[in-house]
Amino acid sequence: MNYWLMKSEPDTFGIDDLFKRPEQTEHWDGVRNYQARNMMRDDMKIGDQVFFYHSNCEEPGIVGIMQVARESYPDFTVFDPDDKHFDPKSNPDKPTWYMVDVKFVRKLSRNISLRELKLKTELTDLALLRRGNRLSIMPMNAEQWAFILSLE
DNA sequence: GCCAACGTTGGC
DNA sequence: GCCAACGTTGGC
């Protein structure tokens, strides 16, 4: 079992949007970073636990929990000329970009904000808090996961 | 292979 | 809206 944190802008796709999806499940498309792609493609397994992080908003922070519902498969938005993630160079026979499906588990009782996480010495090694880390998908260990949950 | 220019992310 | 920190692109 692996633990992850995935970022999304609530204006684009927030935790409530996931909640409202059929089966409360949605594909996590649009990842266009190789490091993040590799983690999704190679390491994300069904049942892995994922924090839903709201970025680029009034109070960035962790707002909910999801789990991996389907392991990696090609990100089809790359082949759709009408999609914002369309990439004309992509070859359907040799997909570059992958995605997973995530399923809503629950919302946290409150937003555990970035501001608050930064104050915790227990989390100094958390990828999210490391300087300049802009990855949209980050791994964490079981201790970090449990500690963050204990703040709820 | 180097590196400057450019685009993006995301906190503030 | 600003800007730091990256990642990518493309000329050479």
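**Figure 1. In the hairpin of strand 3 and strand 4, Asn-56 takes a positive phi near 55°.** Six residues sit between the two strands of this hairpin. Helices (H or I, at least four residues) and strands (E, at least two) are DSSP runs, numbered from the N terminus. A quick word on what you're looking at: this is a predicted model, so local features need pLDDT of at least 70, side-chain atom pairs count only at pLDDT 80 or more, and totals for chains, interfaces and linings use all residues; side-chain values use heavy atoms, with hydrogens and water left out. Residues are numbered from 1 along each chain as its sequence is written, while chains are lettered from A and ligands numbered from 1 in the order in which they are written. Back in the hairpin, strand 3 and strand 4 run antiparallel and share six bridges; two strands pair if DSSP finds at least two bridges between them. One of the facing pairs is Tyr-53 with Ile-62 in strand 4.

**Figure 2. Asn-56 also shows up here, among the residues around DNA strand B.** Its neighbours in this view are Lys-7, Tyr-53, Ser-55, Pro-60, Leu-114, Lys-118, Arg-134 and Leu-135. A residue makes this list if one of its heavy atoms lies within 4 Å of the strand. Of the DNA strand B atoms that come within 4 Å of the protein, 70% belong to sugar and phosphate. Sorted by class, the protein surface here has four nonpolar, two polar and three charged residues. For that count, Ala, Val, Leu, Ile, Met, Phe, Trp, Tyr, Cys and Pro are nonpolar, Asp, Glu, Lys and Arg are charged, and the others, Gly among them, are polar.

**Figure 3. Lys-118 puts a side-chain N or O atom 2.4 Å from a phosphate oxygen of DNA strand B.** Lys-7 does this with its side chain too, at 3.0 Å from a phosphate oxygen. Asn-56 uses a backbone N or O atom instead, 2.8 Å from a phosphate oxygen. These are polar contacts, meaning pairs of N or O atoms within 3.5 Å; within protein, one atom must be able to donate a hydrogen and the other to accept it, and residues adjacent in sequence count only if both atoms are side-chain atoms.

**Figure 4. Six strands make an open sheet in the order 2-5-4-3-1-6, with mixed pairing.** The edges are strand 2 (25–27) and strand 6 (137–140), each of which pairs on one side only. On average, neighbouring strands are turned by 35° against each other, direction ignored. The axes behind that value are lines fitted to C-alpha atoms (for helices, over the stretch in contact), with angles running from 0 to 180 degrees between N-to-C directions. Strand 4 and strand 5 pair in the antiparallel sense over ten bridges, and Gly-64 stands opposite Lys-107 in strand 5.

**Figure 5. Strand 1 (residues 3–8) pairs with strand 3 in the parallel sense, over six bridges.** Zoom in and you'll find Leu-5 opposite Phe-51 and Met-6 opposite Phe-52. Strand 1 also joins strand 6 through four bridges, antiparallel, and there Leu-5 stands opposite Met-138. Six of the six residues of strand 1 are buried, so this strand is largely enclosed by the rest of the structure. Buried means under 20% relative accessible area, exposed over 50%, and partly exposed in between (1.4 Å probe, protein chains only). Tyr-3, Leu-5 and Lys-7 point one way, and Trp-4, Met-6 and Ser-8 the other way.

**Figure 6. Lys-107 and Asp-16 meet in a salt bridge, 2.8 Å from N to O.** The partners come from distant parts of the chain: Lys-107 is in strand 5 (residues 98–113) and Asp-16 in helix 2 (residues 15–20), 91 residues apart. Both are partly exposed, Lys-107 at 41% relative accessible area and Asp-16 at 38%. A salt bridge here is a side-chain nitrogen of Lys or Arg within 4 Å of a carboxyl oxygen of Asp or Glu, and a search of the whole structure turns up seven.

**Figure 7. A salt bridge joins Glu-59 and Arg-115, at 3.1 Å from N to O.** Glu-59 lies in the loop between strand 3 (49–54) and strand 4 (61–74), and Arg-115 in helix 4 (residues 114–117), so the pair ties together parts that are 56 residues apart in sequence. Glu-59 is partly exposed at 33%, while Arg-115 counts as exposed at 55%.
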